[in-house]
Amino acid sequence: MVVTRTRSPIRSNVGLKAVMAVTGIILVLFLIAHMLGNLKVFTGETSFDHYAHWLRDIGKPLLPGVWYLWIQRAVLSVAVLGHIAAATALARRSRAARPVRYAHRPKVQGSYAARTMRWGGVIILLFVIYHLLDLTSGHLNPVGDQTKPYANVVADFAPERWYVTLFYTLAIVALGFHLRHGAFSAFRSLGQQTPKGERRARTAALVFAVALSAGFLVVPFAVLTGLVS
């Protein structure tokens, strides 16, 4: 008797794309909330510090201490790992489907964002690690005091630490390209398959990516130029 193994639906191409979509939505929602929270730095030190401390107290008294933040970190970690794993599996399958390279392979027509998703993802991952060590744990921050989040941000992007702002900018630009491509793919999956629909999808994806990137970049440049001090 021959026993045939059936592949788990989540490991199929459709399942992997669904994993990418769900994890992508979770990460985008977090990025939007994080960006809006960052903008509170313009309301002043007291307001920003109050907001940062409020994040640590979400869920009290139902959740003790900073449990909410740890739950959020766990969910985001699973989402990031799931997103990377699904993207890697799909990329490998795509290469395996074309084992023979043509001598004169035509140039792939695609956006710059699509062609740089891999390296953009690497830059973003490295930045996330640095960002956690900088503004979360405080190990790489000049102040490094979790009770003074506003002071940490101001010290982090001070003019003499221009290289931090440069790295931050490169990471956010890479994120913008990543979001533009991901949002465009999502809009196409929702049925924007006609030429007119694709143009709308490209425009919507570009506007979203630029708006979110600008929201993140305005804070370090405000500190760098002295607007926030």
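Me: A helix here is a DSSP run of H or I with at least four residues, a strand is a run of E with at least two, and both are numbered from the N terminus. With that in mind, how many helices and strands are there in the protein chain?

Reply: This is a predicted model, and its protein chain has eight helices and zero strands. Read along the sequence, the pattern is α-α-α-α-α-α-α-α.

Me: What does the agreement for the span of H1 rest on?

Reply: The expected span is 1.5 Å times one less than the number of residues, and for the 26 residues of H1 this gives 38 Å; the end C-alpha atoms of H1 are 37 Å apart, so the two values agree. Some residues of H1 are buried, including Gly15, Leu16, Thr23 and Gly24.

Me: Why is Ser213 called buried, and why is Ile129 called partly exposed?

Reply: Buried means under 20% relative accessible area, exposed means over 50%, and partly exposed lies in between. Ser213 has 12% relative accessibility, which is under the 20% limit, and therefore it counts as buried. Ile129, at 44%, falls between the two limits, and therefore it counts as partly exposed. Ser213 is found in helix H8 and, leaving out residues up to four places away in sequence, touches Ile172 and Gly176, whereas Ile129 is found in helix H5.

Me: What makes Ile129 suitable for a nonpolar surface patch, and which residues make that patch?

Reply: A patch residue needs over 30% relative accessible area; Ile129, at 44%, passes that limit. The patch of about 790 Å² is made by Val80, Ile84, Trp119, Val122, Leu125, Leu126, Ile129, Leu133 and Leu140. Helix H3 (67-96) and helix H5 (117-136) each supply at least two of its residues, and the largest share, six residues, comes from H5.

Me: Why are the side chains of Asp57 and Lys60 said to meet in a salt bridge?

Reply: Side chains of opposite charge can pair when their charged atoms come close. The cut-off is a side-chain nitrogen of Lys or Arg within 4 Å of a carboxyl oxygen of Asp or Glu; for Asp57 and Lys60 the N to O distance is 3.2 Å, which is within that cut-off, and therefore the pair counts as a salt bridge. A search of the whole structure finds two salt bridges, and another pairing is that of Asp156 and Arg161, at 2.9 Å from N to O.

Me: Which of these four residues are buried and which are partly exposed?

Reply: Asp57, at 37%, and Lys60, at 47%, are partly exposed, since both values lie between 20% and 50%. Asp156, at 1%, and Arg161, at 12%, are under 20% and therefore count as buried. Asp156 is also one of the buried residues of H6, a helix that is mostly covered, with seven of its eight residues buried.

Me: What kind of peptide bond joins Lys60 and Pro61, and where is Pro61 found?

Reply: Most peptide bonds are trans. The bond between Lys60 and Pro61, however, is cis, with omega about 0°, and Pro61 is found in the loop between helix H2 (45-57) and H3.

Me: Why is Val164 called buried, and which residues does it touch?

Reply: Val164 has 5% relative accessibility, which is under 20%, and therefore it counts as buried. Val164 lies in helix H7 and touches Tyr130, Asp156 and Phe157, not counting residues up to four places away in sequence. The C-alpha atoms of Val164 and Pro220 are separated by 9.1 Å, although these residues are 56 residues apart along the chain.

Me: What makes a set of residues a nonpolar core, and which residues have the most contacts inside the largest one?

Reply: Such a core is a set of buried nonpolar residues joined through side-chain atoms within 4.5 Å. The largest has 25 residues, and those with the most contacts inside it are Tyr168, Phe216 and Val228. Helix H1 (13-38), H5, helix H6 (149-156), helix H7 (162-189) and helix H8 (195-224) each supply at least two residues of this core. Leaving aside neighbours within four places in sequence, Val228 is in contact with Val41, Phe42, Tyr150, Val154, Ala222 and Val223.

Me: What share of the residues in the protein chain is buried?

Reply: Buried residues make up 29% of the 229 residues. The chain exposes about 15,200 Å², with carbon and sulfur atoms supplying 68% of it.

Terms used:
Residues numbered from 1 in each chain as written. Predicted model: local features only at pLDDT ≥ 70, side-chain atom pairs only at ≥ 80, totals over all residues. Heavy atoms only, no water. Patch = residues over 30% accessible without salt bridge, like charges linked within 9 Å, V, L, I, M, F, W, Y side chains within 5 Å. Areas by Shrake-Rupley, 256 points an atom, 1.4 Å probe, with all protein chains shown as cover. Buried < 20%, exposed > 50% of the residue type's maximum accessible area, 1.4 Å probe, protein only. Contact = heavy atoms within 4.5 Å.
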